[in-house]
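Subject: Structure for you to look at

Hello,

Here is the structure we talked about. Please open it alongside this email and follow the residues as you read.

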Amino acid sequence: MALLLSRIEFGVWSEVVGHEQPLHLVIGAHRRGMSEPVLRVKTAIASKTTPRCRNSDAGLRYHRALWMRDNAVRRCWVERITRGGCLCGGVSYELHGDLRPVVACHCNQCRKASGHYVAATQVEQSRATIKGDTLRWFKSSEHAERGFCSVCGGNLFWRRFDSPFISVWAGTIDGRTGLKMESQLYPESAGDYYDLPAVRVIPQSELD
Ligand SMILES: [Zn+2]
Ligand SMILES: [Zn+2]
């Protein structure tokens, strides 16, 4: 039974509970004869006051309990859900699964839209649930549009029309992100009032 718990699943849980904010996980199980997974939502609380959560025993026990309750379960997994939104709360989102490391962009459009430079993570659009009547999309070029809140003006998203991915401004994520900025775009367009972050420069073509 324990073999059902792959190293990846174990690792995901371990990483998730290492965060200092409450995190919401979807724990799913495919049952024999059912095409749709059964989803259970569990909240993991890993705070500074409970650092022992890092050992992931809790996750392992939960998986085992799930299996023991119903031996028709043939696959289990945990999935991280990241939540965020705009300043006024009019726009909110949930991102399912792992997120791309943060990329900074100093291009003129990002500077004008954000007032500084943009630092964004990214996820497949099919793994993002976005809610809010105040969300508006501004077509910023022939190829892409930017999502913002029409009440508070908060910038949240960028997406290319031909891409399955959506960029999400890392600063709009609630709580700690667990992400790192790893690269940057268009340093030649950066403002002269700040130093470039100490991360590698990459061409836009290197990203999805
Ligand atoms: Zn807003
Ligand atoms: Zn940009």
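In which strand is S183 found? S183 sits in strand β12. Please keep in mind that this is a predicted model.

**Overall**

The protein chain has 3 helices and 13 strands. It runs to 208 residues, and buried residues make up 43% of them. Take the contacts with a separation of 6 or more: residues 24 or more positions apart account for 57% of these.

**S183 and Y186**

Back to S183. Is S183 buried or exposed? S183 is buried, because its relative accessibility is 5% and the cut-off for buried is under 20%. Leaving out residues up to four places away in sequence, S183 touches V102, V103 and A104. On the same terms, S183 also touches V199, R200 and I202.

Y186 lies in the loop between β12 (181-185) and β13 (200-201). Check its backbone. Phi of Y186 is near 50 degrees, a positive value in a residue other than glycine. Y186 has a relative accessible area of 30%, so it counts as partly exposed.

**The zinc site**

Which protein atoms are the donors of the zinc ion (ligand 2)? The protein donors are C105 (SG), C107 (SG) and C110 (SG). They lie 2.1 to 2.2 Å from the zinc ion. In sequence, these donor residues follow the spacing C-x1-C-x2-C.

Now the burial of each donor residue. C105 is buried, with a relative accessible area of 8%. C107 is buried too, at 15%. C110 has 6% relative accessibility and therefore counts as buried.

C110 is part of helix α3. Setting aside its neighbours within four places in sequence, C110 is in contact with C105, G115, H116, V118 and R146. C105 is thus a contact of C110 as well as a fellow zinc donor. S140 is 30 residues from C110 along the chain, and their C-alpha atoms are separated by 9.8 Å.

Y117 belongs to the same part of the story. Y117 is placed in the loop between α3 and β6. Y117 and C107 are 10 residues apart in sequence. In space they are 7.6 Å apart, C-alpha to C-alpha. Not counting residues up to four places away in sequence, Y117 touches A104, C105, H106, M181, Y194 and P197. Among these contacts is C105, one of the zinc donors.

**The largest pocket**

How much space lies in the largest pocket? About 360 Å³. Its lining has 22 residues. Nearest its centre lie C105, C110, R146, W158 and Q204. Two of these names, C105 and C110, are familiar from the zinc ion.

Six elements are worth colouring: β5 (102-105), α3 (108-114), β6 (118-124), β9 (144-149), β10 (155-160) and β11 (165-169). Each gives two or more residues to the lining of the largest pocket. β6 gives the most, with 3 residues. By class, the lining holds 12 nonpolar, 6 polar and 4 charged residues.

**The nonpolar cores**

In soluble globular proteins, nonpolar side chains tend to be buried together. Which residues touch the most other members of the largest nonpolar core? They are V91, Y93, L95 and F157, in a core of 17 residues. β4 (92-96), β10 and β11 each supply at least two residues of this core.

Another core lies apart from it, with 12 residues. Its members include C110, W169, L185 and I202. C110 therefore belongs to this core and is buried at 6% relative accessibility.

V91 has a long contact list. Not counting residues up to four places away in sequence, V91 touches G84, G85, C86, I130, K131, G132 and T134, along with L135, C149, L156 and F157. F157 appears beside V91 in the core as well.

**One more residue in β4**

H96 is found in strand β4. H96 is buried, because its relative accessible area is 17% and buried means under 20%. E124 is 28 residues from H96 along the chain. Their C-alpha atoms are separated by 9.0 Å.

Best wishes

Definitions and conventions: Residues are numbered from 1 along each chain as its sequence is written. Chains are lettered from A and ligands numbered from 1 in the order in which they are written. This is a predicted model: local features need pLDDT of at least 70, side-chain atom pairs count only at pLDDT 80 or more; totals for chains, interfaces and linings use all residues. Side-chain values use heavy atoms; hydrogens and water are left out. On a 1 Å grid over the protein atoms alone, a cavity is a set of points where a 1.4 Å probe fits but cannot get out, and a pocket is an open set with protein on both sides within 12 Å along at least five of seven lines; lining residues have an atom within 4 Å of a point. Grid points are joined across faces, edges and corners, and a volume is the space filled by probe spheres set on the points. Helices (H or I, at least four residues) and strands (E, at least two) are DSSP runs, numbered from the N terminus. Ala, Val, Leu, Ile, Met, Phe, Trp, Tyr, Cys and Pro count as nonpolar, Asp, Glu, Lys and Arg as charged, and the others, Gly among them, as polar. A nonpolar core is a set of buried Ala, Val, Leu, Ile, Met, Phe, Trp, Tyr and Cys residues joined through side-chain atoms within 4.5 Å. Buried means under 20% relative accessible area, exposed over 50%, partly exposed in between (1.4 Å probe, protein chains only). Contact means heavy atoms within 4.5 Å. Donors are N, O and S atoms within 2.8 Å of the metal (3.2 Å for Na, K and Ca); water is not among the atoms, so sites may look incomplete.
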